[in-house]
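Trainee: Could you take me through one part of this model slowly? I would love a close look at a helix, and then whatever else you think belongs beside it.

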Amino acid sequence: MNNNKKIFKSCIVLLFLLQLSFNVEMYAVKKKEYRVTFYGAVADGKTVNTKAIQKAIDAANKNKGGRVVFSKGTFLSGSIVLKSGVELFFEDGAVLLGSTDPNDYPKYEGIRALVLAHAAKNIAISGKGIIDGQGRELALAVDSLHHTGVKIDPNYNYRRLRPSDGRGKLVSFVKCDSITMTHITLKNSPGWVQCFEQSSNIVVDYVKVDSRAYWNNDGIDIDGCENVRVTNCDVNSADDGICLKSDSPGLQNNNIYIANCTIRSSANAVKFGTGSYGSFKNVTIENIQVFDTFRSAIAIESVDGAEIENINVSNITAVNTGNAILIRLGHRNGGQPGYIKNVSIKNVKAQIPFGRPDIDYDLRGPEVDYFHNPFPSSIAGIPGHSIENVTLENIEITYPGRATKGMAYLPLTRLKDVLENVKGYPEFTMFGELPSWGFYVRHVNGIEMKNIKLILEKEDFRPAFVFDDVNGLVMKDINVPSDKTNQIVFKDVRSDNLDAAAVKRKIEPKQNTFVLPSK
């Protein structure tokens with residue numbers, strides 16, 4: 001793990017240097033300004049300014065780059081294409097307002113978005129203004145076209161009553177190099193808010209996302225990108241907050257740094273997946289504040305064959321969040337399962353509520369369709385494919401308790417009945433009722449848990465930990481409620497020293513551990 005730390009630190013230094021070089025390049029771009037009003041744009045919120053804004057962008061690009069300036073006012077527009085060397089700059093009080101007419105968003109190189117770029121270099125969006133997609137109105141317009149038969153969506157989701165095509169994104173950059181997003185506010189996307197796909201050398205800094213307009217409002221999506229720095233962002237999204245994806249085989253996410261962000265999400269705060277066909281390597285995530293989030297604070301998932309390794313997560317605070325940690329290796333798609341190895345999660349403090357954490361929000365994540373008690377954090381591979389080399393250190397999680405056998409009951413004698421759900425969609429609820437209240441760990445090869453404190457607000461009849469098919473378990477300084485016995489349960493656990501599962505408060509290991517018979 002020491003070598004991995006050196007790699008992480010080297011990546012951070014590299015990304016700092018890359019950001020500096022981007023700023024130098026963008027300084028050169030800023031020398032010449034192109035005001036959209038000069039090209040005929042009208043800031044009345046009614047005039048469609050797509051052509052005028054595009055003329056300004058094209059002029060800047062033709063003259064080897066420049067800054068396209070939006071002055072105070074509201075500029076209505078359809079899709080605009082950002083080109084190499086061009087920065088969109090929004091003065092304080094400037095708003096780029098997305099049209100609600102679906103016909104104003106034709107695909108460009110397969111991309112549908114309000115602001116898009118393809119194979120561009122040295123591009124930027126900055127300033128204290130707002131990009132507002134009017135996403136709910138646009139999505140409902142797309143929905144209406146389907147139901148009136150004007151434009152049929154062959155993949156329309158009748159179960160969830162939402163269209164799959166035509167909504168588009170707010171910002172989408174594909175196969176681009178040297179991207180800077182700073183200080184802008186992004187609101188009300190019809191789909192994903194901002195997506196960077198197969199791109200490199202990306203800086204997203206002090207960006208605010210406020211998008212609960214419609215489903216699939218991921219805050220920041222990074223899909224097959226290298227050398228990415230996301231810092232100081234405030235994300236409030238109706239889907240995953242910051243999401244690393246690999247939606248096609250062969251895509252690589254490499255050298256990613258995410259830090260100093262605040263996230264509220266109707267899904268997961270920071271997530272790897274669900275699309276996980278390629279790889280996720282050398283990722284550092286630190287200093288993240290999570291609140292009122294429906295699903296997991298940290299979710300690391302490989303279910304489509306993805307290779308995930310050298311992941312370092314630290315200094316996470318999560319309040320009123322459905323789950324603290326999910327690490328899942330499954331086999332939903334792909335010729336064979338991928339792998340997850342060398343994951344370090346340190347300095348986490350989380351508080352899990354009894355009810356759903358997003359109850360007061362207008363957009364709420366979908367509930368599961370079965371009765372259950374509060375869920376623990378889960379680290380789970382599948383038979384024959386174990387998660388490898390996981391370190392959890394300095395973790396404190398407060399759970400609500402209040403479990404009752406009348407709601408759901410899975411006794412320890414039936415651990416074999418816990419769902420494997422090999423092909424299932426990865427969420428912490430995917431296994432159904434679980435036999436522990438703190439951590440459920442299955443199919444893991446090499447896991448070290450140090451200084452773990454689990455707190456119960458109310459009584460829970462289940463043990464704090466259940467380990468099933470685990471090799472190389474090390475536990476040190478484990479703090480669990482002292483008024484119960486058998487808080488740590490082993491089944492098919494292989495370790496040189498099971499007594500390493502000692503707990504604080506002078507509780508003897510033999511009183512607080514229980515070993516079930518092997519299979």
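**A close look at helix H2**

Mentor: Happy to! Helix H2 covers residues 50-62, which is 13 residues; at 1.5 Å a residue they should span 18 Å, and the end C-alpha atoms are indeed 18 Å apart, so expectation and model agree. Keep in mind that this is a predicted model. Along H2, the buried residues include Thr50, Ala52, Ile53 and Gln54, and further on Ala56, Ile57, Ala59 and Ala60 are buried too. After H2 comes Lys64, and its phi is positive, near 65°.

For company, let us turn to two residues elsewhere in the chain. Asp239 sits in a loop, with strand S19 (234-237) on one side and strand S20 (242-246) on the other. Its relative accessible area is 15%, and because buried means under 20%, Asp239 counts as buried. Leaving aside residues up to four places away in sequence, Asp239 touches Asn216, Asn217 and Asp218, and also Ser265, Ser266, Ala267 and Asn268. Of these, take Ala267: it is 28 residues from Asp239 along the chain, yet their C-alpha atoms are separated by 4.9 Å.

Ser246 belongs to strand S20 itself. With a relative accessible area of 0%, Ser246 is buried. Again not counting residues up to four places away in sequence, Ser246 touches Asp223, Leu251 and Asn253, along with the run Gly275, Ser276, Tyr277, Gly278, Ser279 and Phe280.

Technical notes. Residues are numbered from 1 along each chain as its sequence is written. This is a predicted model: local features need pLDDT of at least 70, side-chain atom pairs count only at pLDDT 80 or more; totals for chains, interfaces and linings use all residues. Side-chain values use heavy atoms; hydrogens and water are left out. Helices (H or I, at least four residues) and strands (E, at least two) are DSSP runs, numbered from the N terminus. Buried means under 20% relative accessible area, exposed over 50%, partly exposed in between (1.4 Å probe, protein chains only). Contact means heavy atoms within 4.5 Å. The expected span of a helix is 1.5 Å times one less than its number of residues.
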